Amino acid sequence: MHLLISSVGDVTSDLICERLAEDVLRLNWERWNEYSIELDKKGFRIADCFGRVVTEKTIGNIIWRKPVATVDTEPGEFWYCFHEFKNAVESIISQIRLENQRKIPIDPLLNATADKFKQLRVASQHLTVPPWRFTTTPSKHIGTSANVVTKSVTGQPIPGTGDFSKVIYTTTVDPTELADGFPWFLQQEIQATHDLTVVYVGGQHFAFTLDRNLFSGMDWRKSIGTDEVDESWQATTLPKELTDSLSNIMNALGLRFGRIDLLAFNSSCDDVVFLEVNPNGQWAWLDPFLENGLFDAVVDFLISR
Amino acid sequence: MTTSQLTPKSIAVKPSAAVHVSLPEYDAKRQLGVDRAMLHTTPVMTRATTQTYNSKGQPNDKDQD
């Protein structure tokens, strides 16, 4: 029995559960009080309201989805109990990681692999990486690069900026207008024809391109929800030289899974620059009809021994 | 020093719906006739839609999205 950690709003988990049927117990964080849990020095037992049970003896893999739902933002007993419960589950996961790390094929807690700067250093040994700098004194670097974008290293929202806290997408900036005293990740602006995203699944490459003429601005994520973007990612085959380079980067980072973002200067992807790897990146929207092999490959990977 | 004024909040924008709850996935799932009871989320209102389901896992008539 696999243990899938997620939240109710995660459609990708819906699809995975449908595929795995009776072989998975889905634990939705925000419904923690619908599960029973026992944990002592000998092991653990988690059961759901459907009668599915997972123990230290029966557990297969842990499928740890990224979203963690907000659970009652008002501090109180429910909030307290959720964090007690969550701590116990995370302890169970830690023990499983200790015993057999491969039982957690995608592990969000391996933060080292999410180190963007390490990624850029490693990737530059295999692919072109646009010049970059992290600085709290952008005024010192004015004039060093005419066309600059800024982006978030962590993707964290900024609290207190509305009902849905605002985020920073890749944005063209004039470095002369950036305030000193704030952390800025700056990178040379690249005028490419296509976004290229590659889902790396245990050595397999599933590549998709998006024509950058289909949206405005630098970051396609601003246009999620529009037909022009949502329906326009095209599966593509990469040159072997590029897949070799990507495999080398992933091996050097110690990653078996990740979504690699690049920019391409043509649709054949024989001229690209590397941007980043998201070790727990979203992927299911690239195979919404379960027809191009990506979904099957990821599910196989998630339950592999 | 310059007269710089932009801080991170100045250039932040409202986030788009996360791709993991985007509508294409949801529509695909509906076409597959997923039994919501198997998904452990019955009934559910996701961030992607306010579509609700009856006890047989069928979409209710009125899609409130």
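Four strands of chain A line up as an open sheet, in the order β7-β10-β8-β9, with antiparallel pairing. At its edges sit β7 (132–135) and β9 (171–173) of chain A, each of which pairs on one side only. Going from one strand to the next, the twist averages 35°. All of this is read from a predicted model.

Inside that sheet, one pairing can be followed down to single residues. Strand β8 of chain A, residues 148–151, meets strand β10 of chain A, residues 184–188, in the antiparallel sense, and the two are joined over 4 bridges. Look at A:Val149, for instance: its bridge partner in β10(A) is A:Gln187.

Now for the wider layout. The domain assignment splits chain A into domain 1 (2–103), domain 2 (111–128 + 191–302) and domain 3 (132–188). Domain 2 is thus written as two stretches, 111–128 and 191–302, while domain 3 is given as 132–188. Taken over C-alpha atoms, the centres of domain 1 and domain 3 of chain A are separated by 36 Å.

Over to helix α1 of chain A, which covers residues 11–20. This helix is mostly covered, with 8 of its 10 residues buried. The buried residues of α1(A) start with a run of neighbours, A:Val11, A:Thr12, A:Ser13, A:Asp14, A:Leu15, A:Ile16 and A:Cys17, and A:Leu20 is buried too. In an α-helix there are 3.6 residues a turn, so residues three or four places apart point the same way. Just after α1(A) comes A:Ala21, with a positive phi of about 50°.

Definitions and conventions:
Residues numbered from 1 in each chain as written. Chains lettered and ligands numbered in written order. Predicted model: local features only at pLDDT ≥ 70, side-chain atom pairs only at ≥ 80, totals over all residues. Buried ≥ 20, exposed ≤ 12 C-beta atoms within 10 Å, placed from the backbone. Domains from an automatic or database assignment. Pairing = 2+ DSSP bridges. Axes fitted to C-alpha atoms, helices over the stretch in contact; angles between N-to-C directions.
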